[in-house]
Amino acid sequence: MNTEFYRKLVDLYAGHELPISLEEEMEAAALNDSELADEMRSVREMYDILRADSGPEFNEETNQRILLKMYAR
């Protein structure tokens, strides 16, 4: 397959949503295309970082600030 097709699949690759065979094809194509390899690596790293983040913590103070902003509109 061509590199343009693989570029369109980088977000699915990053999210581990592709079949293993297609991931292996993309990784093989990335050996010959440094831009594709960089994009695949950086997007997957960002995806993994975001998945590992527990997200914001909401407490009573945060809840009150949100309610005040909602009511102020």
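1. R7 and D33 form a salt bridge, with their closest N and O atoms 3.0 Å apart. The term covers a side-chain nitrogen of Lys or Arg within 4 Å of a carboxyl oxygen of Asp or Glu. R7 sits in helix α1 (residues 3–8) and D33 in the loop between α3 and α4, so this pair ties together parts that are 26 residues apart in sequence. Helices here are DSSP runs of H or I with at least four residues, numbered from the N terminus.

2. A word on the basis. This is a predicted model: local features need pLDDT of at least 70, side-chain atom pairs count only at pLDDT 80 or more, and totals for chains, interfaces and linings use all residues. Residues are numbered from 1 along each chain as its sequence is written, and side-chain values use heavy atoms, with hydrogens and water left out.

3. How covered are the two partners? R7 is partly exposed, at 23% relative accessibility. D33 is buried, at 14% relative accessible area. The cut-offs are under 20% for buried, over 50% for exposed, and partly exposed in between (1.4 Å probe, protein chains only).

4. R7 has another acidic partner, E35, in a salt bridge at 3.9 Å, N to O. R7 belongs to helix α1 and E35 to helix α4, so the pair ties together parts that are 28 residues apart in sequence. E35 is exposed, with a relative accessible area of 55%.

5. Within helix α4, D38 pairs with R41 in a salt bridge, the closest N and O atoms being 3.9 Å apart. The two are 3 residues apart in α4, so about one helical turn separates them. D38 is partly exposed at 42% relative accessibility. R41 is also partly exposed, at 44%. Elsewhere, salt bridges that share partners join R7, D33, E35 and E39 into one network. The whole structure holds 6 salt bridges.

6. Now helix α3 (residues 20–30), which contains E23. Its buried residues are L22, E23, M26, A29 and A30. They cover an arc of only 125° around the axis, so they lie on the same side of α3. That arc is taken from the directions from the helix axis to the C-beta atoms. What covers these buried residues includes α1, α2 (10–14) and α4.

7. E23 deserves its own point. Its relative accessible area is 11%, so E23 counts as buried. Leaving out residues up to four places away in sequence, E23 touches Y13, H16, L18 and R44. Contact means heavy atoms within 4.5 Å.

8. Which side chain makes a polar contact with the side chain of E23? That of R44, at 3.4 Å. A polar contact is a pair of N or O atoms within 3.5 Å; within protein, one must be able to donate a hydrogen and the other to accept it, and residues adjacent in sequence count only if both atoms are side-chain atoms. R44 is in helix α4. R44 is buried, at 15% relative accessibility. Not counting neighbours within four places in sequence, R44 contacts Y13, A14, H16, E23 and E27.

9. Last, the surface. M46, I49 and L50 make a nonpolar patch of about 320 Å². Patches are made of residues with over 30% relative accessible area and no salt bridge; like charges are joined within 9 Å, and nonpolar side chains (Val, Leu, Ile, Met, Phe, Trp, Tyr) within 5 Å. Areas come from the Shrake-Rupley method with a 1.4 Å probe; for residues, only the protein chains shown count as cover. L50 lies in helix α4 (residues 34–52). L50 is exposed, with a relative accessible area of 57%.
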